Amino acid sequence: MNDTIVAISTAFQEGAISIIRLSGDDAIEIANNLFSRNLLDVPSHTVHYGMIQENGKPVDEVLVSVFRAPRTYTKEDVVEINCHGGIYITRKVLSLCVGAGARIARAGEFTERAFLNGRIDLTQAEAVLDLIEANNSQVATKALSSMKGSVTRLIHPLCEDLLQIIAHIEVNIDYPEYEDVEQLSQEIVLPQAKEWYKRIEKIIQQAENSYQIKKGINTVILGKPNVGKSSLLNALLEEDKAIVTNIAGTTRDLVEGIVHCKNVTLNLIDTAGIHDTNDIVEQIGIERSLKALEKAELVLVVIDLSRELDEEDKKLLALTENTNRIVVYNKKDLNSEVQGISISAANQDIDELIQEINNRYETQIHDSNEVTLNNERQIGLAIEAKQSMKQAIEALENKVELDLVTIDIQDAYTHLKEILGEVSRDDLLDALFSNFCLGK
């Protein structure tokens, strides 16, 4: 935290402009040593035109932006050098900064400093990464909301209420003459604990629903050979990713893709046709299909509407009976008597299926638009907090000594604080910020 860091903050490739970012106590002095004009006394949040120089010789024509602490991303002095976007020039300016005293930043170190310097909490730091990795407008909007502190505002009231419960207990422990212990437990603390438990349960459920929409639904397309599974995959992806022929058993291995179906993202797997076969290669493909089925969150069972339901179809329906499945009747263009969710994958007529998928995940879609916890780390800590409160409630109901009950409630409080990073571990921070790109 005492040294000045530097990194390329744009894509390292040929382009119009590259940005080299410095942060730290010596950021302005290092930039000044390389720049053709004096930057030491310039006002904060100003841009200056000039040349980057090496031994008095010009290297590149640049714009230098100066931001003085604490009104910066890291709450340190920050300088951004906007040079011409070429791999040689960008690397040259970076090397000159290092030669002048800066250290190459680790992945995510700028955002890590913003967190450690108190500009943002851990949920806001994670939201920065979510925004960078957002693959649709819904995820980006949610990330922006979290960057503005929506998760913090969700967690803080829960923390405050825990402090109130702890305060009730602590007052009784310190001044037992003021309250009857049993009355305090049953009439004040226990109802508060139960009400808090319901709130954290709802928050966790909404977060899990939202996270499922965010990461995408692991979806497997199953069916016997030549019913149109690969045609359906191609129709959903809107590209010819899977080979489609009239020959049964064309797909012998798993074919994967990601598709956005209106408000739901599907992580699709097209599987080998499940049927009885003596072909060793097909058998391996079928085994992989069955393994994919075990991990699937949604199963699309494809039935050929142009043919009568046979024993293999019935076996497949029985195999998927206890899964979250949608039975899809394909090739409706070849049969006027349609039934259930009927599509024509070869003709890209799949609107009925997409509507059913969105209807199936209506609750999750609604929750994804609400303020929720955003990732597995946050959800996991909330679950731990809930479990601690559950133990406290059981202790209260069994009339356990209040000072022992406080231990579980304190644990719940600590878990919530860890969500915000107000209680944190170095190994957790290292793992979290290592997921960031260099320069952010």
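In what order do the six strands of the open sheet stand? In this predicted model, the order is S3-S4-S5-S2-S1-S6, and the pairing is mixed. At the edges of the sheet are strand S3 (46-54) and strand S6 (103-104). Each of these two has a single partner strand, so one side of each has no neighbour in the sheet. As background, strands of a sheet pair through backbone hydrogen bonds, and they may do so in parallel or antiparallel fashion.

Let us look at one pair. Strand S4 (residues 57-67) and strand S5 (residues 78-84) run antiparallel, joined by five bridges. If you would like a landmark here, find Phe67, which stands opposite Val78 in S5.

Next come the helices that pack on this sheet. Helix H2 (residues 87-99) touches strand S1 (5-8), strand S2 (17-23), S3, S4, S5 and S6, and its direction makes about 150° with that of S5. Helix H3 (residues 109-116) packs on the sheet as well, touching S1, S2 and S6, with its direction at about 135° to that of S1.

A good residue to visit in helix H2 is Leu96. With a relative accessibility of 10%, Leu96 counts as buried. Leaving aside residues up to four places away in sequence, Leu96 touches Leu34, Ile52, Gln53, Glu54 and Val59. Take Ile52 from that list: 44 residues separate Leu96 and Ile52 in sequence, yet their C-alpha atoms are 9.1 Å apart in space.

Over in strand S3 you will find His48. His48 is also buried, at 11% relative accessibility. Its side chain makes a polar contact of 2.7 Å with the side chain of Thr46. Beyond the residues up to four places away in sequence, His48 touches Phe35, Arg37, Leu39, Val42, Val62, Leu63, Val64 and Val66.

How many disulfides does the structure hold? The number is zero. A disulfide is a covalent bond between the sulfur atoms of two cysteines. For Cys83, the closest cysteine sulfur is that of Cys97, 9.2 Å away, which is too far for a bond. Seen from Cys97, the closest cysteine sulfur is in Cys83, so no bond can be drawn there either at 9.2 Å. Both cysteines are buried: Cys83 has 2% relative accessibility, and Cys97 has 0%.

Further along the chain is helix H8 (residues 229-237), where nine of the nine residues are buried, so this helix is largely enclosed by the rest of the structure. Among the buried residues of H8 are Lys229, Asn234 and several leucines, including Leu232, Leu233 and Leu236. Just after H8, Glu238 takes a positive phi of about 60°.

Our last stop is helix H13 (residues 376-397), with 22 residues. From its first C-alpha to its last, H13 reaches 31 Å, close to the 32 Å expected at 1.5 Å a residue. At its start, a side-chain oxygen of Asn375 comes to within 3.2 Å of the backbone nitrogen of Arg377. The buried residues of H13 include Ile379, Leu381, Ala382, Ala385, Ser388, Met389, Ala392, Ile393 and Leu396. Here a general point helps: an α-helix has 3.6 residues a turn, so residues three or four places apart point the same way. Just after H13, Lys399 takes a positive phi of about 60°.

Key
Residues are numbered from 1 along each chain as its sequence is written. This is a predicted model: local features need pLDDT of at least 70, side-chain atom pairs count only at pLDDT 80 or more; totals for chains, interfaces and linings use all residues. Side-chain values use heavy atoms; hydrogens and water are left out. Helices (H or I, at least four residues) and strands (E, at least two) are DSSP runs, numbered from the N terminus. The expected span of a helix is 1.5 Å times one less than its number of residues. Buried means under 20% relative accessible area, exposed over 50%, partly exposed in between (1.4 Å probe, protein chains only). A polar contact is a pair of N or O atoms within 3.5 Å; within protein, one must be able to donate a hydrogen and the other to accept it, and residues adjacent in sequence count only if both atoms are side-chain atoms. A disulfide is a pair of cysteine sulfur atoms within 2.5 Å. Two strands pair if DSSP finds at least two bridges between them. Contact means heavy atoms within 4.5 Å. Axes are lines fitted to C-alpha atoms, for helices over the stretch in contact, and angles run from 0 to 180 degrees between N-to-C directions.
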